[in-house]
Amino acid sequence: MTTAKVALTIPADVLAGARRQVKAGRARSLSAFVSEAVGERLRRDQLTAILDAMDAEHARPNKAAARSARRVLSPSS
């Protein structure tokens, strides 16, 4: 994978939280942590675009269908 070096400006508390995650071993570096977060946002945006396209083609589900889907997809207790 090709990488590129960038400079970012983020809120100090967000940076502190990210550094704590790295220190706790939840990421191998600050760069890896930020890269993973950006990648997750990109995947979520792609999924939103897919769902929006499906809604445009088939209409949004009605409330009863949405309730049924939530029941089926809810983790069982």
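For what follows, Ala, Val, Leu, Ile, Met, Phe, Trp, Tyr, Cys and Pro count as nonpolar, Asp, Glu, Lys and Arg as charged, and the others, Gly among them, as polar. Please keep in mind that what you have in front of you is a predicted model.

Let me apply those classes to the second largest pocket, whose lining has 8 nonpolar residues, 1 polar residue and 2 charged residues. The residues in question are Leu51, Met54, Asp55, His58, Ala59, Arg60, Pro61, Ala65, Ala66, Ala69 and Leu73, and the elements that contribute two or more of them are α2 and α3, the latter covering 63-73. The space in this pocket comes to about 270 Å³.

Two of the lining residues, Asp55 and Arg60, also form a salt bridge with each other, in which the closest N and O atoms are 3.1 Å apart. The two partners fall into separate accessibility classes, because Asp55, with a relative accessible area of 22%, is partly exposed, whereas Arg60, with 65%, is exposed.

That brings me to the other salt bridges, since a search of the whole structure finds 3 of them. In one, the side chains of Glu40 and Arg43 meet with an N to O distance of 3.2 Å, and these residues, being 3 apart in helix α2, are separated by about one helical turn. In another, the side chains of Arg41 and Asp45 meet at 3.1 Å, again N to O, and here the partners are 4 residues apart in helix α2, which also places about one helical turn between them. Glu40 is partly exposed at 40% relative accessible area, as is Arg43 at 47%; Arg41 is likewise partly exposed, with 47%, and so is Asp45, with 37%.

Helix α2, residues 30-58, matters for the largest pocket as well, in the sense that it gives the most to the lining there, with 7 residues. About 620 Å³ of space lies in that pocket, and of its 18 lining residues, Ala4, Val6, Ser31, Val34 and Ser35 lie nearest the centre. By class, this lining has 10 nonpolar, 5 polar and 3 charged residues.

Which residues make the nonpolar surface patch of about 380 Å²? They are Val6, Leu8, Ile10 and Val14, so that Val6 appears both in this patch and among the residues nearest the centre of the largest pocket. Val14, for its part, is found in helix α1, residues 12-23, and counts as partly exposed because its relative accessibility is 45%, which is over the 30% that a residue needs to be part of a patch.

Conventions. Residues are numbered from 1 along each chain as its sequence is written. This is a predicted model: local features need pLDDT of at least 70, side-chain atom pairs count only at pLDDT 80 or more; totals for chains, interfaces and linings use all residues. Side-chain values use heavy atoms; hydrogens and water are left out. On a 1 Å grid over the protein atoms alone, a cavity is a set of points where a 1.4 Å probe fits but cannot get out, and a pocket is an open set with protein on both sides within 12 Å along at least five of seven lines; lining residues have an atom within 4 Å of a point. Grid points are joined across faces, edges and corners, and a volume is the space filled by probe spheres set on the points. Patches are made of residues with over 30% relative accessible area and no salt bridge: like charges are joined within 9 Å, nonpolar side chains (Val, Leu, Ile, Met, Phe, Trp, Tyr) within 5 Å. Accessible areas come from the Shrake-Rupley method with a 1.4 Å probe; for residues, only the protein chains shown count as cover. A salt bridge is a side-chain nitrogen of Lys or Arg within 4 Å of a carboxyl oxygen of Asp or Glu. Buried means under 20% relative accessible area, exposed over 50%, partly exposed in between (1.4 Å probe, protein chains only).
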